[in-house]
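Biologist: I am new to this structure and would love a close look at a single part of it. Please start with how you decide where a helix begins and ends, and then take me through the details one by one.

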Amino acid sequence: MDADNAYKEAIRHGRYSEQVAGLRCKYDHVRTQFEDFITTYYLRPHLEEVVKSKTGGSSGEGLRFYDLGCGTGDGYELLSKMAREARLSQFDTRLIQEDMMDQYKGIDLSVDLLKEAENLFGDYEHVEFCKGDFSNGLPLDENEESYDLYFTSYGTLSHCTNEELEKLFVDMGKHGHNGSLILADFIGRYSYEWQNLWTRNPEEVSYIDYVINYLYSEEERDSVELSSFPLRLMTPAEVFKILESAARKAGVGLKVLRFFDRSLFVGRHIETGTYNDNAQPLRLMVSSLFERGLRTYFPDLKVDYKPREGFDWQNKSLQLLANSWNELVDYTMTLMEHYDSDEELLPYPPQTDVKPLEKAYRVMRQTLEGSKGLYGDIRADLIEAQLGYAIRSLEMNLQQGHGLGHGLVGVIEVVK
Ligand SMILES: C[S@@+](CC[C@H](N)C(=O)[O-])C[C@H]1O[C@@H](n2cnc3c(N)ncnc32)[C@H](O)[C@@H]1O
């Protein structure tokens, strides 16, 4: 019930579904341009296969989705707006057309969130929201048909203990059909946001006493009394172990197609300092890159990574990302200075062995070269947005799904 109270508070303070300028609040630019994008990027190839098998076959069946911990129904929006690869001249890029969706069912513990979900999406005929608790396994009606995707988002499965998770995976394994997908979304164990909580013994079960204080201003954060709730901090090895045991008990295969880390250095708590004394407001700075008409102060965009002793592989990976990120910001500043002095040729980037950085350098140089004479505030609207995408690409290509981001997500296939 602690979690229910915490979400209730966020709704009561009008913070959970507020969509103001994308700098703060739930739907800031990092959520839309980084987090939603990254989730759909890694899910898409697997979902495309399911779409092909369903809509290409003779069965005429549509797709069925089950969203566990659906909250206000964001999962429905994410899935129905998910884009496929498309040519510039194509207008409609949706992977799942409305007539392809047979059923989207969302369950949540919180009646307040469900009410909001109902207001937003309840009118669609194939959409259903109901109260349900996944801590005792997968809530199902009698004879309920299997789903093509059992979906969770934004750390939802970290609400479960190991035992609850195992039961849930057993149920999804049994209920799913061959080829059903499970998107298992956890909170990563070694995110820089909670560096104070990192523990050395990988066998030790690790929790964070999570507080949703990031939706409040710095002054409010200190004055508002907020509830907290425990969330499980996960590594892929821990998830594998639970999956193995669940697969054995269910008598099915639960095959991990991939793990990915989401939001390294831009998770919600990078600004609050609640769990890391060295936190800095990087999420706000990255969101600012995407805000139209607003220029970002680049020196504050750089990551001041402070390694923690005794965590060598974590420090090594995070330091590589921080260095690449900072070198890209420095190079972009250099490009802008040369651009301003009307030089014919913009400087070439420094040599690097880091392939994703090499590409990001190239894109930034190309962006500035090509932007001469364009309309509008080209720094705020074009160069900064491209830098935002370039940082996102560094994050995506330098992560390995090891639990170093705010989110650790597994794409899992049921094999029967
Ligand atoms: C991190 S939020 C994610 C909400 C939403 N899916 C989104 O993308 O914004 C986790 C959600 O899981 C719900 N939840 C937590 N424990 C639950 C349980 N045992 N059964 C059902 N829902 C639960 C919470 O109420 C909350 O809405």
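Modeller: Happy to. A helix here is a DSSP run of H or I with at least four residues, and helices are numbered from the N terminus. Please keep in mind that this is a predicted model.

With that rule, helix α11 spans residues 378-398, and Ile-378 is found in it. Is Ile-378 buried or exposed? Buried means a relative accessible area under 20%. Ile-378 has 15%, so it counts as buried. Setting aside neighbours up to four places away in sequence, Ile-378 is in contact with Tyr-339, Ser-371 and Ile-383. Its C-alpha atom is 9.9 Å from that of Arg-292, a residue 86 places away along the chain.

Now let us turn to the ligand. There are 20 residues around it, and those that come nearest are Gly-69, Asp-108, Asp-133, Ser-153 and Tyr-154. Asp-108 places a polar side-chain atom 2.6 Å from an oxygen atom of the ligand. For Asp-133, a polar side-chain atom lies 2.8 Å from a ligand nitrogen. The backbone takes part too: a polar backbone atom of Phe-134 is 3.0 Å from a nitrogen atom of the ligand. On its own the ligand has 590 Å² of accessible area, and the protein covers 94% of that.

Tyr-154, one of the residues that come nearest to the ligand, deserves a longer look. Tyr-154 is found in the loop between β4 (149-151) and α5 (162-175). With a relative accessible area of 26%, Tyr-154 is partly exposed. Its backbone is worth noticing: Tyr-154 has a positive phi of about 50°, although it is not a glycine. Most residues other than glycine have a negative phi.

Which side chain reaches the backbone nitrogen of Tyr-154? That of Asp-185 does, at 3.1 Å. Asp-185 lies in strand β5, which covers residues 181-188, and at 1% relative accessible area Asp-185 is buried. Among the residues that Asp-185 touches, not counting those up to four places away in sequence, are Thr-152, Ser-153, Tyr-154, Gly-155 and Thr-156, as well as Arg-262, Leu-408 and Val-409.

Ser-263 likewise has a positive phi without being a glycine, of about 65°. Ser-263 is found in the loop between β8 (253-262) and α8 (282-290), and with a relative accessible area of 1% Ser-263 is buried.

Next come the charged residues. Arg-64, in strand β1 (residues 63-68), is buried yet has no salt bridge. Why does Glu-145, the nearest side chain of opposite charge, not count as a partner? A salt bridge needs a side-chain nitrogen of Lys or Arg within 4 Å of a carboxyl oxygen of Asp or Glu, and Glu-145 is 4.1 Å away, so this pair falls outside the cut-off. The side chain of Arg-64 does reach the backbone oxygen of Glu-145, at 3.0 Å. Its contacts beyond four places in sequence include Asp-102, Gln-103, Tyr-147 and Leu-149.

How many salt bridges are there in the model? The count comes to 24. In one of them, Arg-283 pairs with Glu-35, with the closest N and O atoms 2.9 Å apart. This pair links distant parts of the chain, 248 residues apart, from helix α8 to helix α2 (residues 29-55). Arg-283 and Glu-35 are both buried.

Other salt bridges stay inside a helix. Lys-167 and Asp-171 meet at 3.1 Å, N to O; they are 4 residues apart in helix α5, so about one helical turn separates them. Lys-167 is partly exposed at 40%, while Asp-171 is buried at 16%. In helix α10 (residues 355-370), Glu-358 and Lys-355 are 3 residues apart, about one turn of the helix, and their side chains form a salt bridge at 3.3 Å, N to O. Glu-358 is partly exposed, with 30% relative accessible area, and Lys-355 is exposed, with 58%. Elsewhere, Lys-26, Arg-31, Asp-36 and Asp-74 are joined into one network by salt bridges that share partners.

Definitions and conventions
Residues are numbered from 1 along each chain as its sequence is written. This is a predicted model: local features need pLDDT of at least 70, side-chain atom pairs count only at pLDDT 80 or more; totals for chains, interfaces and linings use all residues. Side-chain values use heavy atoms; hydrogens and water are left out. Helices (H or I, at least four residues) and strands (E, at least two) are DSSP runs, numbered from the N terminus. Buried means under 20% relative accessible area, exposed over 50%, partly exposed in between (1.4 Å probe, protein chains only). Lys and Arg count as positive and Asp and Glu as negative; His and the chain ends are not counted. A polar contact is a pair of N or O atoms within 3.5 Å; within protein, one must be able to donate a hydrogen and the other to accept it, and residues adjacent in sequence count only if both atoms are side-chain atoms. Contact means heavy atoms within 4.5 Å. A residue is near a molecule or strand if one of its heavy atoms lies within 4 Å of it. Accessible areas come from the Shrake-Rupley method with a 1.4 Å probe; for residues, only the protein chains shown count as cover.
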